[in-house]
Amino acid sequence: MPVTSTVPTSHRLAARLARDLEGEVLFDRFSRGRYATDASHYQIEPVGVIVPKTDDDVRLAMAAAREEGVPLLPRGGGTSQSGQTVGRALVMDFSKYLKRLISVDPGARTCVVEPGIVLEDLNRQLRATGLWFPVDVSTASRATIGGMTGNNSCGTRSIRYGIMRDNVASIAAILADGSELNFGEVGRNLAPLGPVGAHAAKPADGAATPADGASGDAGSFSLVGDMLALGRREAAHIAQAFPQVSRRVGGYLIDALLPAAGPVNLATLLCGSEGTLAVSRRIELKLSPLPKNKALGICHFASFRKAMEAPQHIVKLKPVAVELVDRTLIELARDIAMFRPVMESHVRGAPDALLLVEFAEDDQAENLRRLDRLDELMADLGQPNSVVKLADAAGQKAVWDVRASGLNIMMSMKSEGKPVSFIEDCAVPLEHLADYTERLSAIFEKHGTRGTWYAHASVGCLHVRPVLNLKLEKDAATMRAIAEAAFAMVKDYKGSHSGEHGDGLVRSEFHTSMYGPHTVRLFEEVKDRFDPDGLMNPGKIVRSSRMDDRELFRFKPPYRVAPFTTVFDWSAYAGAGGGFQGAVEMCNNNGECRKLVSEVMCPSFRVTGNERDVTRGRANALRLAISGQLGPGAFASQEMLEAMQLCVSCKGCRRDCPTGVDMAKMKIEVLAAANKQRRLCLRDRLIAYLPRYAPYAARLAPLINASNAIPGAARLIERLTGFSSKRPLPRWHPRPFRLRHDPEASPAERASTRVAGGRDVALFADTFNTYFEPENLDAGVEVLRRLGYRVRLLGAETGGGRASPPRPARPLCCGRTFLSAGLVEQARAEARRLLAVAKPLLDRGTAIVGLEPSCLLTLRDEFISLLPGADAERLAAQALLLEEFLAREAEAGRVAGPIGVREGKLLLHGHCHQKAFGAMPAVHQTLALVRGLKVETVTSSCCGMAGAFGYAAETHDVSLAMGELSLLPAVRMAPPHALIAADGFSCRHQIRDGTGRGALHVARVLRDAMRAGA
Ligand SMILES: Cc1cc2nc3c(=O)[nH]c(=O)nc-3n(C[C@H](O)[C@H](O)[C@H](O)COP(=O)(O)OP(=O)(O)OC[C@H]3O[C@@H](n4cnc5c(N)ncnc54)[C@H](O)[C@@H]3O)c2cc1C
Ligand code: SF4
Ligand code: SF4
């Protein structure tokens, strides 16, 4: 293996690549750190990273690396669980640019893609053809076809559709020596080695691009000849070398070389080769018709063993999926509010296990007949009346969602011990499944650990992850001991030790014990023939290291985080920084934050496609920084600030990340640390201190607003302050909000709002609505009063609610603007002040109602970290957005609809924090109280404005790009008479700036509807 670690080599390589490539060349320490991990427990720092833009970039990079003797490591989403996507190599990230669907041939049911295309994206593009690519991996939202091919990935429905090897028709690849070859079906005479997708040449984009032109050269043909010869020579050995289970992805698929009646497909040899043989450049896929109908049977078992005995019988009914959910996951799901309803309606009693059995024949009557037969079968198996049948699509989806999220909950364990994946995808013949799971559970018990079982019972491939703390040597030894015992048992059952997630650094070393030394020699022969210099992802599949080599672990000895102080309370987690370390280490790199379509997480990644700008990349940078792996001062360095710059603090990750990584809160820690060593720029200070100077500025509103309109002023302001000249700043309102019973309000105003009796509600008037859009607060007050509530302004008694001459009192503030700038002490002071004022109301059980999601929800979220204690907890429980309050009152029978009338459509955009805190259902419930309103929600993520983000000159364009992901186009498409509603101050401004259309706070929609219905 060539030595590649000398600094001059990487410098030379970096310089050459930077000169020659169109794409990105990332050799800095932070970038290398970000690419040092995948979803396994390993970490190896690469030599450097390139993000190729074109095929030529790939060719040039491969040539440069070869000449410098640097290994190569192709990469897709980096979601591998076995360490195959980490290495001391030049990493080539295909996921950003090389992701086109090149062509589709609906007649032949094939398509040709670039390797970086994500499975879900591909299937979205294919939908109109009625076809799909059916290898439905759980990571479909971010797994690339290149990576899926590299891993020979397998989907939930593999019993019907097979795995990657069954669904890849051909691959155009570049070999280590730079030669190019189309791997596809060949006859014994090596013909035809035609272009990839030659018979699938209908361009997807209408461009007249043939799928690909390259044919193999003479050297490549001899390689193919050698492979076929190996197949012939070793036919007798290969025929008996591998277990006869469908889930065998370990080693090279040399059984594909066996002389067969038909042509041999050489693309199969690249499936599961984990980037060790060649780089895939174009992949031709076999497509399947989209299922027209589906029906689901939920089989209940009183004992886990019974559940494990059943699949061998159930598969005879020809289902497309049989998935296991064990008791732990059932109980976890029942504990989660959002899943409780589906668990209550579809899961009976307290089963020890469930099997989810899906039928997907075109004829729904046939699916239902099979459900009946499943019922009969279960009765024969001693489980009468134990099948809950679901024919409606929504119900089925809800159940599948529980299955997927139950796993996420399991992964969210906050202790230092975590579920570790290393024997998680062994596969055994179905007749042995019950014995295998029982014996493996006993092994766990012997080692003082346990595992939760789930997944693909249909093919005998069950996922199970024992809980271990791999920072400890003893747990690393336990991992090895469990692996050895488990694999030996799997061998006894003639099963497969590598049934889904690939070999990588975890399983490669076990090929010898599982398949025998001769088979491994054949693997080496294949490797050496393709890659004689060992430059392609070395150390995987053949000549691997030990799986328990701790030098390769993410937490390698002496992994240590020195004590440091944080500004927030992180005590829910373990480790340094009061638990900050544990919170950061929660990221297990599963890549969910890379999904391309989502309601929230992670908008910055979806715009840039950069690993730097995704939650995972940020979490990795933080982990490496606090553990000293990025050099001194990395935590508050310029590079760290750059990594955080495009994080819009939408809190999407707080909700959507399976392990609850809360990057918005972590970003504040970084800003606070950086503030200790820098001076905040004028713009950041203007934003942070806005609540403090707003009462004074409001008095100059006409002047400030007018100066914004002066020609050239915007550019001058941009130069002086850094506020973008490309959009107008918000206009100060000449008459800021005052509650009408303010002593200075006119008698008429006071009279109009006086309500006798009624329940008390305290209104938290946030800075933005108070000084820029007070009509929203007016509307909120009117809505509440019309419904009979007695509204008092939070802080009015203390002068905190007044904004009138002679000397403006300082209104209460949530501290959000300070937090955004990392000025945590100032935010804490605001929190303390607000909490003191709120305390008597909290004691009386009065709800604190607010209108601006980012402000009100700060009371629910950051306040608890800023001022941990019972008062903050009580405030969090009693602080509600207007719609949450009204929905709660409606549920309690104190508000009854209809409360107003408004005919027509309303397009609703939820603020990210509303989504992150699950507050959107309440908005729908409240709007449903208005007669005639037809509400449609935009499936949008962050609007992109995100407080001051959209106003900053350097992030203005990214801000608009975020809006363009879905919100702004949806608003433009809305009929002119439709209402647009958005509770977020920033969202309304983004909509106005991006589309020219106005958006209303829901309070105003309600108020207008009430007036109309009065
Ligand atoms: C929570 C979770 C659930 C998962 N569920 C499943 C599942 O249901 N089924 C399943 O099979 N797997 C599953 N996996 C594993 C993993 O997600 C899949 O194997 C996925 O297909 C990998 O895709 P990727 O784009 O992330 O590939 P990567 O991890 O980036 O790469 C995978 C391999 O392919 C190679 N490769 C990438 N691109 C190329 C290229 N252009 N040319 C040559 N080689 C290349 C890489 O070198 C690497 O060896 C799961 C992982 C996680 C974290
Ligand atoms: S941040 Fe969360 S979603 Fe993203 S990779 Fe880490 S654990 Fe997964
Ligand atoms: S807060 Fe939002 S932008 Fe920031 S990392 Fe999380 S999901 Fe991404």
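A residue is taken to be near a molecule if one of its heavy atoms lies within 4 Å of it. The model described here is predicted; local features require pLDDT of at least 70 and side-chain atom pairs pLDDT 80 or more, whereas totals for chains, interfaces and linings use all residues. Residues are numbered from 1 along each chain as its sequence is written, chains are lettered from A and ligands numbered from 1 in the order in which they are written, and side-chain values use heavy atoms, with hydrogens and water left out.

Ligand 1 is surrounded by 35 residues, of which Pro74, Gly76, Thr79, Ser80 and Cys154 come nearest. Backbone atoms approach this ligand at two glycines: a backbone N or O atom of glycine 77 lies 2.8 Å from an oxygen atom of ligand 1, and a polar backbone atom of glycine 78 is 2.8 Å from an oxygen atom of the ligand. At threonine 144, a polar side-chain atom is 2.7 Å from an oxygen atom of ligand 1.

Around ligand 3 there are 13 residues, and the nearest are Cys602, Arg618, Cys647, Cys650 and Cys653. Two elements, α23 (603-608) and α24 (615-626), give two or more residues to this shell; helices are DSSP runs of H or I with at least four residues, numbered from the N terminus. The shell comprises eight nonpolar, three polar and two charged residues. Here Ala, Val, Leu, Ile, Met, Phe, Trp, Tyr, Cys and Pro count as nonpolar, Asp, Glu, Lys and Arg as charged, and the others, Gly among them, as polar.

A nonpolar core is a set of buried Ala, Val, Leu, Ile, Met, Phe, Trp, Tyr and Cys residues joined through side-chain atoms within 4.5 Å. Buried means under 20% relative accessible area, exposed over 50%, and partly exposed in between (1.4 Å probe, protein chains only). The largest core holds 112 residues, among which Ile145 and Ile423 touch the most other members. Helix α18 (residues 473-492) supplies the largest share of this core, eight residues. Apart from it lies another core of 89 residues, including Leu630, Ala636, Cys647 and Ala827.

The structure holds zero disulfides, a disulfide being a pair of cysteine sulfur atoms within 2.5 Å. Cysteine 271 is in no disulfide, and the nearest cysteine sulfur, that of cysteine 154, is 11 Å away. With 1% relative accessibility, cysteine 271 is buried. Cysteine 681, by contrast, is partly exposed at 35% relative accessibility. Its sulfur cannot form a bond with the closest cysteine sulfur, in cysteine 647, because the distance of 17 Å is too far.

Technical notes. Polar contact = N/O pair within 3.5 Å; in protein donor to acceptor, adjacent residues only side chain to side chain.
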